[in-house]
Amino acid sequence: MANKLELMWYGKEQEISVEPRLLIERPELSNTGAAQDTENIVIHIAP
């Protein structure tokens, strides 16, 4: 398989540091009242 795509960027070989986050549901911003069986969510990360 000679024709292969690869994503390339500077620093790709460096280890990724991931900071854990606590997700808090805000019902006032939710649309689950209109579609209670939805599996869609929006995640907003505040600064």
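The legends below describe close-up views of a predicted model.

**View 1. The whole chain of 47 residues.** The C-alpha atoms fill a box of roughly 50 × 30 × 15 Å along the principal axes. The chain has zero helices and zero strands. Of its residues, 0% count as buried. The accessible surface of the chain is about 5,800 Å², and 55% of that area belongs to carbon and sulfur atoms.

**View 2. The salt bridge between Glu6 and Lys12.** The side chains of Glu6 and Lys12 meet at 3.1 Å, N to O. A search of the whole structure finds one salt bridge. Glu6 counts as exposed because its relative accessibility is 53%, and exposed means over 50%. Lys12, at 30% relative accessibility, counts as partly exposed. Side chains of opposite charge can pair when their charged atoms come close.

**View 3. Lys12 over the face of Trp9.** Lys12 lies at 5.3 Å from the ring centre of Trp9. Lys12 is also a partner of Glu6 in the salt bridge. As for contacts between rings, the search of the whole structure finds zero aromatic pairs.

**View 4. A nonpolar surface patch with Leu23.** The patch is made by Leu23, Ile41, Ile43 and Ile45. Its area is about 470 Å². Leu23 counts as exposed because its relative accessibility is 63%, with exposed set at over 50%.

Conventions
Residues are numbered from 1 along each chain as its sequence is written. This is a predicted model: local features need pLDDT of at least 70, side-chain atom pairs count only at pLDDT 80 or more; totals for chains, interfaces and linings use all residues. Side-chain values use heavy atoms; hydrogens and water are left out. Patches are made of residues with over 30% relative accessible area and no salt bridge: like charges are joined within 9 Å, nonpolar side chains (Val, Leu, Ile, Met, Phe, Trp, Tyr) within 5 Å. Accessible areas come from the Shrake-Rupley method with a 1.4 Å probe; for residues, only the protein chains shown count as cover. A salt bridge is a side-chain nitrogen of Lys or Arg within 4 Å of a carboxyl oxygen of Asp or Glu. Buried means under 20% relative accessible area, exposed over 50%, partly exposed in between (1.4 Å probe, protein chains only). Rings of Phe, Tyr and Trp (its six-membered ring) pair if their centres lie within 6.5 Å; planes under 30 degrees apart count as stacked, over 60 as edge-to-face and the rest as tilted. A charge sits over a ring if NZ of Lys or CZ of Arg is within 6 Å of the ring centre and within 35 degrees of the ring normal. Helices (H or I, at least four residues) and strands (E, at least two) are DSSP runs, numbered from the N terminus.
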